[in-house]
Amino acid sequence: MGTKQIPEGVRRAMNMRRIAPKRERYKQRVAKHCRKADELMLQSEIEVPTVEALMACPLSKNDCGYTGSRYDLIANWVHPLFLKAKSEASKEDNPSWKQAMSGPFKEEYWKAAIKEIETLESMDVWEVVDRTDDMNVIDSIWAFKLKRFPDGMVKKFKARFCAR
């Protein structure tokens, strides 16, 4: 049988048999590298600098145009571990409709919701009709997301209109 005579599903299954061992070897290789990296990290004695040590560093005395205190700059903006902790701490970045429309960023979330509706309407996703009793109306929900830069500053407000 030529390749054109083999049904598509069978051909796909034959290719998967060839790809599966390669994928498995790749996963094993990645896991091995991760274990090796973890072992090296545990063996090395990395000292995480304190805020006081960073404050004493000559580089922290340069004027970069920041208007707050040096302590605030280093603790909240400079050190990557502090940045990660700050981003992990902000769990309020996925508000409900009620939280978004009554919170401090209500104007931004409202604009994001308007933009989502305009986008959906421009794609002709639905057609507006008068509701009758015999219609099956699908429930919907709004999903909001506050996107941030790694330093915790606000990047963008997103709104998604989801059918249930």
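Where in the chain is the place of N94? In this predicted model, N94 sits in the loop that runs between helix 4 (80–89) and helix 5. Although N94 and L146 are separated by 52 residues in sequence, their C-alpha atoms are 6.5 Å apart in space. When neighbours within four places in sequence are set aside, the contacts of N94 are with Q99, F144 and K145.

The overall arrangement of the chain provides the setting for this loop. The protein chain contains 6 helices and 2 strands, and from the N terminus on these elements follow the order α-α-α-α-α-α-β-β. Of its 164 residues, 15% count as buried. Among the contacts in the protein chain with a separation of 6 or more, 44% are made by residues that stand 24 or more positions apart.

The largest nonpolar core is formed by 9 residues, namely A100, Y109, A112, A113, W142, F144, L146, F157 and A159. Helix 6 (106–122), strand 1 (140–148) and strand 2 (154–163) are the elements that each contribute two or more residues to this core. One of the core residues, Y109, touches D93, P95, A100, M101, F144, K145, L146, F157 and K158, when residues up to four places away in sequence are not counted.

Two residues of helix 6, E116 and S122, may be set side by side. E116 counts as buried because its relative accessibility is 10%, which falls under the 20% limit for that class. The side chain of E116 is joined to the side chain of R160 by a polar contact of 3.0 Å. Apart from its neighbours within four places in sequence, E116 is in contact with W142, A159, R160 and F161. S122, by contrast, counts as exposed because its relative accessibility is 56%, a value over the 50% limit that applies to exposed residues. The side chain of S122 reaches the backbone oxygen of T119 at a distance of 2.7 Å.

Pockets were also examined. The largest pocket has a volume of about 330 Å³, and of the 15 residues that line this pocket, W126, V137, I138, S140 and F161 are the closest to its centre. Strand 2 gives the most to the lining of the largest pocket, supplying 3 residues. When the lining of the largest pocket is divided by class, 10 residues are nonpolar, 1 is polar and 4 are charged. F161, listed here among the residues closest to the pocket centre, is also one of the contacts of E116.

The second largest pocket holds about 210 Å³ of space, and its lining is made up of E92, D93, P95, Q99, A100, G103, P104, F105, Y109, L146 and R148. Helix 5 (97–102) and strand 1 each provide at least two residues of this lining. By class, the lining of the second largest pocket comprises 6 nonpolar, 2 polar and 3 charged residues. A100, Y109 and L146, which belong to the largest nonpolar core, also appear in the lining of the second largest pocket. Q99, another residue of this lining, is in contact with N94, while L146 is the residue whose C-alpha atom lies 6.5 Å from that of N94.

Note on methods:
Residues numbered from 1 in each chain as written. Predicted model: local features only at pLDDT ≥ 70, side-chain atom pairs only at ≥ 80, totals over all residues. Heavy atoms only, no water. Core = buried A, V, L, I, M, F, W, Y, C linked by side-chain atoms within 4.5 Å. Buried < 20%, exposed > 50% of the residue type's maximum accessible area, 1.4 Å probe, protein only. Helix = DSSP H or I, 4+ residues; strand = E, 2+ residues; numbered from the N terminus. Contact = heavy atoms within 4.5 Å. 1 Å grid on protein atoms, 1.4 Å probe; cavity = no way out; pocket = protein on both sides within 12 Å on 5 of 7 lines; lining within 4 Å. Points joined across faces, edges and corners; volume = space filled by probe spheres on them. Nonpolar A, V, L, I, M, F, W, Y, C, P; charged D, E, K, R; others polar. Polar contact = N/O pair within 3.5 Å; in protein donor to acceptor, adjacent residues only side chain to side chain.
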